[in-house]
Amino acid sequence: MSEEQIKNPGTEHSRSLEAQFEARILRDEKIEPKDWMPEKYRQTHIRQMSQHAHSEVVGMLPEGNWITRAPSLRRKVALLAKVQDEAGHGLYLYSACETLGISRDELYEQLHTGKAKYSSIFNYPTVTWADMGAIGWLVDGAAIINQVPLCNTSFGPYARAMVRVCKEESFHQRQGYEIMVKLTQGSPEQKEMAQDALNRWWWPALMMLGPTDAESIHTEQSMKWKLKRKSNDELRQQFIDQTVPQAELIGLAIPDEDLKWNEKTKHYDFGAINWDEFWQVVKGHGPCNKERMAARVGAWERGEWVRDAAMAHAEKQTTSLKKEVS
């Protein structure tokens with residue numbers, strides 16, 4: 001036995017477990033909650049899944065702002081269904097986080113105190129109805145680009161949750177694009193409204209796919225563990241290549257003077273992203289950061305009596321059941 005093994009008898013066993021874990025990752029096997037995993041893997045998944053869950057929940061706010069002002073009953077019902085879907089996505093993802101040993105209350109506390117982040121895109125205002133189209137088309141479109149590979153992520157509960165999430169997000173993207181199509185086919189004022197929404201949401205949509213690979217501190221490890229299958233820059237390029245033809249089809253102009261097709265690379269070249277703006281929003285200085293957090297914390301506090309009543313009812317039912325059994 002080596003001197004290191006004498007001093008740290010568990011070291012060799014830990015190395016063996018880690019080697020087995022890495023081999024399972026290489027074989028594309030799913031890691032389940034009760035399987036052995038490195039603590040860093042567990043923490044990384046809690047961070048990413050909780051940020052994803054927080055984004056779904058906070059993302060309800062800018063769209064919920066337009067439910068009462070939707071231009072028709074059909075649009076109102078569709079928007080209500082979409083916001084409800086986002087709440088469901090948050091539920092799936094919070095539940096997946098809980099399988100790794102963190103409570104729902106802890107996750108909420110991290111969001112409400114600013115310890116945990118959510119997608120920067122939801123800190124921008126929704127000023128016209130066209131924003132509902134732009135969010136569905138661009139924001140949900142970028143989310144699909146990012147999330148479809150997660151259906152094959154290495155952590156089982158996350159991968160299974162993402163199958164349904166991606167199906168619903170795909171519907172949301174088509175719903176948003178349909179709104180933009182209708183606006184571009186309407187009056188000059190309506191088409192102008194659609195173009196204005198595209199102008200305001202294009203760059204934030206590119207930013208929401210994350211910082212450049214050179215600046216990302218998590219991408220390399222996440223790709224090693226197959227939490228991510230593509231880098232941020234690859235996802236961003238895929239989104240641009242997919243979205244530009246969609247804009248051209250309905251007569252809208254991408255707000256980027258440097259955008260052009262590169263025949264050599266078979267991809268679109270695009271202009272510089274304002275990463276200073278991105279980091280300011282991430283740090284809490286975006287147009288709606290304070291408003292979003294105030295709304296979320298306020299809803300939590302106003303709902304305390306509902307949670308207390310539900311818990312009291314559950315305890316009463318449990319007590320009654322115990323009496324019947326005894």
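**Exercise 1. The overall picture**

How many helices and strands does the secondary structure of the protein chain come to?

*Solution.* Keep in mind as you work that this is a predicted model.
- Start with the elements: the protein chain has 14 helices and two strands.
- Next, the extent: along the principal axes, the C-alpha atoms fill a box of roughly 75 × 60 × 35 Å.
- Then the burial: of the 326 residues in the protein chain, 47% are buried.
- Last, the contacts: taking those between residues at least 6 apart in sequence, 75% join residues at least 24 apart.

**Exercise 2. Looking for disulfides**

Find out how many disulfides the model has, and look at C151 along the way.

*Solution.*
- A disulfide is a covalent bond between the sulfur atoms of two cysteines.
- The cut-off to apply is a pair of cysteine sulfur atoms within 2.5 Å.
- With that rule, the count is zero disulfides.
- C151 shows how this works: the nearest cysteine sulfur belongs to C166 and is 3.9 Å away, and C151 is in no disulfide.
- Now for accessibility: C151 has a relative accessible area of 22%, so this cysteine is partly exposed.
- C288, by contrast, has a relative accessible area of 5% and is therefore buried.

**Exercise 3. Helix α3 against helix α8**

Describe how helix α3 and helix α8 are arranged, and list the residues that make the contact.

*Solution.*
- Two packed helices are described by the angle between their axes and the distance between the axes.
- For α3 (residues 39-58) and α8 (residues 156-184), the axes come within 13 Å and cross at roughly 25°.
- Angles under 35 degrees count as roughly parallel, so α3 is roughly parallel to α8.
- The crossing of α3 past α8 is left-handed.
- On the α3 side, the contact is made by H45, Q48, M49, H52 and E56, and on the α8 side by Y158, M162, V165 and E169.
- Sorted by class, these residues are four nonpolar, three polar and two charged.

**Exercise 4. Helix α13 against helix α14**

Do the same for helix α13 and helix α14.

*Solution.*
- Helix α13 covers residues 289-302 and helix α14 covers residues 304-325; their axes are 4 Å apart, at an angle of about 40°.
- Because of that angle, α13 is oblique to α14.
- W300, E301 and R302 of α13 meet E304, W305 and R307 of α14.
- By class, this contact has two nonpolar, no polar and four charged residues.

**Exercise 5. Positive phi in the loops**

Take D28 and K266: where does each residue lie, and what is its phi?

*Solution.*
- As background, most residues other than glycine have a negative phi.
- D28 is not a glycine, yet its phi is positive, near 65°.
- The loop between α2 (11-26) and α3 holds D28.
- With 41% relative accessibility, D28 is partly exposed.
- K266, also not a glycine, has a positive phi of about 65°.
- This lysine lies in the loop between β1 (260-262) and β2 (267-269).
- K266 has a relative accessible area of 46%, so K266 is partly exposed.

**Exercise 6. E263 in its loop**

Is E263 buried or exposed?

*Solution.*
- First locate E263: its place is in the loop between β1 and β2.
- The relative accessibility of E263 is 51% and exposed means over 50%, so E263 counts as exposed.
- To finish, pair E263 with Q242: these residues are 21 residues apart along the chain, and their C-alpha atoms are separated by 16 Å.

Technical notes: Residues are numbered from 1 along each chain as its sequence is written. This is a predicted model: local features need pLDDT of at least 70, side-chain atom pairs count only at pLDDT 80 or more; totals for chains, interfaces and linings use all residues. Side-chain values use heavy atoms; hydrogens and water are left out. Buried means under 20% relative accessible area, exposed over 50%, partly exposed in between (1.4 Å probe, protein chains only). Axes are lines fitted to C-alpha atoms, for helices over the stretch in contact, and angles run from 0 to 180 degrees between N-to-C directions. Angles under 35 degrees count as roughly parallel, over 145 as roughly antiparallel, 65 to 115 as roughly perpendicular and the rest as oblique. A crossing is left-handed if the near helix is turned anticlockwise from the far one by less than a right angle, and right-handed if clockwise. Contact means heavy atoms within 4.5 Å. Ala, Val, Leu, Ile, Met, Phe, Trp, Tyr, Cys and Pro count as nonpolar, Asp, Glu, Lys and Arg as charged, and the others, Gly among them, as polar.
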